[in-house]
Amino acid sequence: MRPDPMFFLMRCLHHKGQDVARGTHRPSHRAWVQSGGDGLAAVLIGSALVDDGGSSIGNFGILEAASLEEARAFAEGDPFNRAGIVASIELTRLPDAFQAARISDPMTPRKNS
C-alpha cells in the first residue's frame, strides 16, 4: 500500500535575462513536467511567474510526491534548473487537508489516482 501523498508548493525564481535560455529549454522543461520527472512527482497545476510588467521571473507548481526529497529531486532535475536558469527553489508543504481532487485536469497523471 502506498503512503498517503504529500503536496507541495514549488516556487522557482529565475536569474534575470533568461528569456533566450528559457525558450531553448522550454520543450525539455515541458516534457519533464508531463513525465513528472520520470515519476518523481505529479504536477497538478503550474505556470510561469511574471513581474508587474509581464516579464517572466520564474515558475510555480503544485506537486504531489511521496516525500520532500522526491519533490526536491523533481525541482532540481528540471531542465530549467540544470541549464542554470533557476536562481532559487522553494518547496513548502501544504496541509494534509489540501483538496487536490478539486484540480480536475492535472499536468501530470496523479500518483494515487
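Me: Okay, a polar contact is a pair of N or O atoms within 3.5 Å; within protein, one must be able to donate a hydrogen and the other to accept it, and residues adjacent in sequence count only if both atoms are side-chain atoms. With that settled, which side chain does a polar contact join to Asp78?

Reply: His29, at 2.7 Å. Keep in mind that this is a predicted model, where local features need pLDDT of at least 70 and side-chain atom pairs count only at pLDDT 80 or more, while totals for chains, interfaces and linings use all residues. Residues are numbered from 1 along each chain as its sequence is written, and side-chain values use heavy atoms, with hydrogens and water left out.

Me: Where is the place of Asp78?

Reply: In the loop between α2 and α3. Helices (H or I, at least four residues) and strands (E, at least two) are DSSP runs, numbered from the N terminus.

Me: What does Asp78 have in the way of contact, leaving aside neighbours within four places in sequence?

Reply: His29 and Trp32. Contact means heavy atoms within 4.5 Å.

Me: And the nearest side chain of opposite charge to Asp78, which is that?

Reply: Arg82, 7.0 Å away, and Asp78 has no salt bridge although it is buried. Lys and Arg count as positive, Asp and Glu as negative, and His and the chain ends are not counted. A salt bridge needs a side-chain nitrogen of Lys or Arg within 4 Å of a carboxyl oxygen of Asp or Glu. Buried means under 20% relative accessible area, exposed is over 50%, and partly exposed is in between (1.4 Å probe, protein chains only).

Me: How many salt bridges does the count come to by this rule?

Reply: Two. In one, Arg22 pairs with Asp19, with the closest N and O atoms 2.5 Å apart. Both of those residues lie in helix α1, three residues apart, about one turn of the helix. The other joins the side chains of Arg93 and Asp96 at 2.8 Å, N to O.

Me: Arg22, buried or exposed?

Reply: Buried, because its relative accessible area is 3%. Its partner Asp19 has 54%, so Asp19 is exposed. In the other pair, Arg93 is partly exposed at 43%, and Asp96 is exposed at 67%.

Me: Switching to α1 as a whole. How far apart are the end C-alpha atoms of helix α1?

Reply: They are 28 Å apart, which agrees with the 30 Å that the 21 residues (19-39) should span at 1.5 Å a residue. The expected span is 1.5 Å times one less than the number of residues.

Me: At which residue does α1 bend?

Reply: At Val33, by about 65 degrees. That bend is the angle between axes fitted to the seven residues ending there and the seven starting there.

Me: Which residues in α1 are buried?

Reply: Arg22, His29, Trp32, Val33, Gly36 and Gly37. The buried residues of α1 pack against β1 (6-14), β2 (42-50), β3 (56-65), α2 (68-77) and α3 (79-82).

Me: What does Gly37 touch, not counting residues up to four places away in sequence?

Reply: Trp32 and Phe74. Gly37 counts as buried because its relative accessibility is 2%. Over in α2, Phe74 is itself buried, as are Ala71, Ala75 and Gly77. The partners of the buried α2 residues are β1, α1, β2, β3, α3 and β4 (86-93).

Me: Back in α1, what about the phi of Asp38?

Reply: Positive, about 60 degrees, although Asp38 is not a glycine. Most residues other than glycine have a negative phi. Asp38 lies in helix α1 and is exposed, because its relative accessible area is 68%.

Me: New topic: where is Ser67 found?

Reply: In the loop between β3 and α2. At 17% relative accessible area Ser67 is buried, and, residues up to four places away in sequence not counted, Ser67 touches Met6 and Phe8.

Me: And Ser47, which strand does that lie in?

Reply: β2. Ser47 counts as partly exposed because its relative accessibility is 41%. Neighbours within four places in sequence aside, Ser47 is in contact with Asn59 and Phe60.

Me: How many Å apart in space are Ser47 and Val33?

Reply: 11 Å, C-alpha to C-alpha, with their positions 14 residues apart in sequence. As for Gly37 and Phe60, they are 23 residues apart in sequence and 15 Å apart in space, C-alpha to C-alpha.
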